[in-house]
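I opened my notebook to look up aromatic rings and one serine. Here is the structure I worked from.

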Amino acid sequence: MIEAIRQRRAARLLVGSLGLFLAGLGGWLAYIQVVVPEPLARRAAQQMHMQMPIRAMRGSILDAKLRILATSVEVESVFADPFVISNPADAAAKAAPVLGMDPDVLYRLFTEDPKRRFVWLARRVSPELAEAVRRLRVYGIGLVAEGERHYAYGSLAAHVLGFVGQEEQGLEGVERLFDERLRGRDGRAYVLADGRRRPIWSEPDQFVPAEDGQHLVLTIDAVLQSVAEEAVAEACEKFRAASATAIVMDPRTGAILAMANVPTYDPNRYDAYPADARRNRAVTDPSPPGSTGKPFIAAVALERGVVRLGEVLYCEDGFWAAERLHDAGHRYGNLAFEDIVIKSSNIGMAKLGKRLGNERLYEALMGFGFGRRTGVWLAGESAGRVYPLARWTRYSTTRIPFGQEFSATPLQLVTAFAAIANQGRLVRPQIVRGALDGCGEVVADLAKPQVVGQALRPETARTMIEKVLVGVVERGTGTACQVEGYRVFGKTGTAQKIDPETGAVSHTRFIGSFLAGAPAENPRVVVLVAVNEPDRSLGYYGGTVAAPAAKKILAEALPYLGVAPRETVHERPPTSLASD
């Protein structure tokens, strides 16, 4: 009897306890269903969803014939979603050996901000590493596609192209200057993921597609660029020079067909090279032009009527005591105007300067674009230096005419020379032809020539070419630039540099340069080659160190551009008629 009573009490207690448990459970369920549904639903959504960046592909850079110079290829990168990593220590321990990282570093990335939804672990990994990450199957670690920049021809046109950083942002060259066009815009997707953090569904109302960058078309021609680079590299090696530069331009449009510098670098590995190798000397380094500046003053003297073709000037037998000037290595007496340029007489040019006077000399430099930037679309361009007229002295009158007391970049010099080849019209140099969208449609046409001034009358420009500058190559200081089948015109130059320690003109550091164009009857191309600080024991005059490189460029460029030879120029060995 007593036992039966105990059993009934135990049963009532059990039923009562169960009832209380069920009532409490029901109350809890009611609470989470009615009172806190939104926070829990939000957390569940956060665990099942993730926001993924959609990286825009950077646009390619193409040469004038649409050859790919720089492009981005799709690769995979490793990321983590710390918010959903439940065991950071275990995830770090598993992922560290695969990624080649310190587990402690990974652990800190996973835990320093637990609410963080995205963090990079490894960028642009190999396909083998990407597959190893997939096999990890660590919840919260995944892969996403992005672009990797690749420069197809290595160092070719490196100083024009520039390079990009880790985020594919342009850092130098046209990569930097046209970064906004090339980069495009990243998108994003809010996706439902499975247990391995693989996207299985994208929420359409939260999807923003990426907008790939535009493709940039340059005026550079890869073939001519290769020729120019090879020519200056050979000159630099042969004469043990500190550096060398070459520019090839179409004088009719200002299109830069090649721009080469030595030393150079590979933009695929830009951080492996010193900053000096990455500098585009063609636009950043001004120097006194020396005798390459003579054609511009001589042309203005002819145009202003202070001298006539065939007029004879006395060149003081090589030393003009009153002006403390000499013609190095030569004792010229009477020289016709043409021969003053052809034989490169400093004294003859100084006498032309006297006839012009400082004001007209200043106007001549300004008319050819010296003292201001050309406006080319390349970063770091120098304006060179032309002192204000108020600072000129009586010595300026005789020094400016043979390329002293002002400085110019290689690009300024070749642009001014192109004006003589282009009937006196000064045209802004161009490096970019335009931009294309992903379908190849033109979105920006930048190829129209921009005339910025008229430096000479057309008849004066033609006279300078036919009567003076052709003679420099046929019988003057530039015979090393004769090209079989073409009439070449040009001017040599040997400029003394400024000693960086004393600030005075150096007698041991020179820049040997050569300006050339062809064919004389209808110029299609102009070239500048400048060889900086060649070994004096091997040669330093422009006709010796730079003219052969200019010849190599012209000899290959003219047939390539479809310019047929018209007559034969019998080559002679270089002579030492003048000192440049």
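Before looking for clusters I fixed my rule: rings of Phe, Tyr and Trp (its six-membered ring) pair if their centres lie within 6.5 Å. With that in hand, I noted that Phe163, Tyr265, Tyr270 and Tyr273 form one aromatic cluster. I keep in mind that this is a predicted model.

**Entry: ring pairs.** I searched the whole structure and found 13 aromatic pairs. I picked out Phe79 and Phe118, whose ring centres are 5.0 Å apart with planes at 10°, so I logged the pair as stacked. I then checked where the two sit: Phe79 is in strand S3 (residues 68-80), while Phe118 is in the loop between helix H4 (103-111) and strand S4 (119-125), so the pair ties together parts 39 residues apart in sequence. Are these two rings buried or exposed? Phe79 is buried, at 2% relative accessibility, whereas Phe118 is partly exposed at 22%.

**Entry: charges over rings.** I looked up Arg123 and found its charged end over the ring of Trp120, 4.1 Å from the ring centre. Lys351 also has its charged end over a ring, that of Trp320, 5.1 Å from the centre.

**Entry: Ser396.** I located Ser396 in helix H15 (residues 394-399). Its relative accessibility is 1%, and because buried means under 20%, I filed Ser396 as buried. What does its side chain meet? A polar atom of the Ser396 side chain lies 3.0 Å from the backbone nitrogen of Thr393, and a 2.6 Å polar contact joins the side chains of Ser396 and Glu405. Setting aside neighbours within four places in sequence, I listed Asn358, Leu361, Pro401 and Glu405 as contacts of Ser396.

Key
Residues are numbered from 1 along each chain as its sequence is written. This is a predicted model: local features need pLDDT of at least 70, side-chain atom pairs count only at pLDDT 80 or more; totals for chains, interfaces and linings use all residues. Side-chain values use heavy atoms; hydrogens and water are left out. Rings of Phe, Tyr and Trp (its six-membered ring) pair if their centres lie within 6.5 Å; planes under 30 degrees apart count as stacked, over 60 as edge-to-face and the rest as tilted. Helices (H or I, at least four residues) and strands (E, at least two) are DSSP runs, numbered from the N terminus. Buried means under 20% relative accessible area, exposed over 50%, partly exposed in between (1.4 Å probe, protein chains only). A charge sits over a ring if NZ of Lys or CZ of Arg is within 6 Å of the ring centre and within 35 degrees of the ring normal. A polar contact is a pair of N or O atoms within 3.5 Å; within protein, one must be able to donate a hydrogen and the other to accept it, and residues adjacent in sequence count only if both atoms are side-chain atoms. Contact means heavy atoms within 4.5 Å.
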